[in-house]
Structure formats: C-alpha cells, structure tokens
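Morning, everyone. I have one structure for today, and I'll keep it short. Here it is.

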Amino acid sequence: PDFFGQRLTVARARASTGHEFRVTQQWNHLDFYTVSLEVTSPDGRMHRTTLNGDDPKRWRMPLQIDEQDRLAKVTLSSGREAKVSW
C-alpha cells in the first residue's frame, strides 16, 4: 500500500443481511498507514470510517461481525478494538 492512492484490503466479511465489510489500509504519505472500515449496504451505498491514522503496515487484520448488535469489530495493531455500528 505504499503507492499514492492505493488501498490494500486487509480483512473482508459479509453479513447474512447482505452488508459487506472491508478493512483497508492506505499509506498516509508520512511514516504510517490509515486504517478504514468500509461498509457497503445491500442497496450499494458505501460508508467509510477511519479507525486509525497511524497504524504500522499490516497484511491482515482481525475483523468480527456481530450481527445481533450490528457491530463490526476490528482489532488494531495496538490491541485496541475499534467498533463501528452498521
């Protein structure tokens, strides 16, 4: 993900509702990487949330989908869990 504008997908999941989740990492043009969660609803609308602006480069990241509580949980490199409602 070290090139301008390139996003690397480091996790992906799909809920039974049809919602799709994608965790991406993009070089922030300094020393770190920006981690975002993209949620695409069944009708095609996409919402992107920035989870961390200074994460180290990673090739995989844990992503859990809690359909009952409608939460996507991403474990960042610090061990902190970022949660996003959908």
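Confidence by element, then. This is a predicted model. Strand β5, residues 63–66, has the highest mean pLDDT of the elements, at 98. Strand β4, residues 46–55, has the lowest, at 93. For the protein, the average pLDDT is 91. A score of at least 70 is reached by 94% of the residues.

Next, the sheet. It is open, and 4 strands form it. Their order is β1-β2-β3-β4, with antiparallel pairing. Which strands stand at the edges? They are β1, residues 8–14, and β4. Each has a single partner strand, so one side of each is left without a neighbour in the sheet. From one strand to the next, the twist averages 15°.

Look at the β2 and β3 pair. β2 covers residues 20–27, and β3 covers residues 33–40. The two run antiparallel, and 8 bridges join them. Within that pairing, Arg22 stands opposite Glu38 of β3.

Now the aromatics. How many aromatic pairs does the structure hold? The count is 1. The partners are Phe21 and Trp86, with ring centres 5.2 Å apart. Their planes sit at 70°. The cut-off for edge-to-face is over 60 degrees, so this pair is edge-to-face. Phe21 belongs to strand β2, while Trp86 is in the segment after β7, residues 81–85. The pair therefore ties together parts that are 65 residues apart in sequence.

Are these two rings' residues buried or exposed? The limit for buried is under 20% relative accessible area. Phe21 has 1% relative accessibility, so Phe21 counts as buried. Trp86 has 13%, so Trp86 counts as buried too.

That brings us to the core. The largest nonpolar core has 17 residues. Phe21 turns up again here, among those with the most contacts inside this core. The others on that list are Val23, Leu37, Leu51 and Leu63. Where do the core residues come from? At least two each are supplied by β1, β2, β3, β6 (71–75) and β7. β3 gives the most, with 3 residues.

Last, zoom in on Val23. Leave out residues up to four places away in sequence. Val23 then touches Leu8, Thr9, Val10 and Ala11. Val23 also touches Val35, Ser36 and Leu37. Met61, Leu63 and Val74 complete its list of contacts. Two of these, Leu37 and Leu63, were named a moment ago among the core residues with the most contacts.

That's it from me. Over to you.

Key: Residues are numbered from 1 along each chain as its sequence is written. This is a predicted model: local features need pLDDT of at least 70, side-chain atom pairs count only at pLDDT 80 or more; totals for chains, interfaces and linings use all residues. Side-chain values use heavy atoms; hydrogens and water are left out. pLDDT is the predictor's confidence in each residue, from 0 to 100. Two strands pair if DSSP finds at least two bridges between them. Axes are lines fitted to C-alpha atoms, for helices over the stretch in contact, and angles run from 0 to 180 degrees between N-to-C directions. Rings of Phe, Tyr and Trp (its six-membered ring) pair if their centres lie within 6.5 Å; planes under 30 degrees apart count as stacked, over 60 as edge-to-face and the rest as tilted. Buried means under 20% relative accessible area, exposed over 50%, partly exposed in between (1.4 Å probe, protein chains only). A nonpolar core is a set of buried Ala, Val, Leu, Ile, Met, Phe, Trp, Tyr and Cys residues joined through side-chain atoms within 4.5 Å. Contact means heavy atoms within 4.5 Å.
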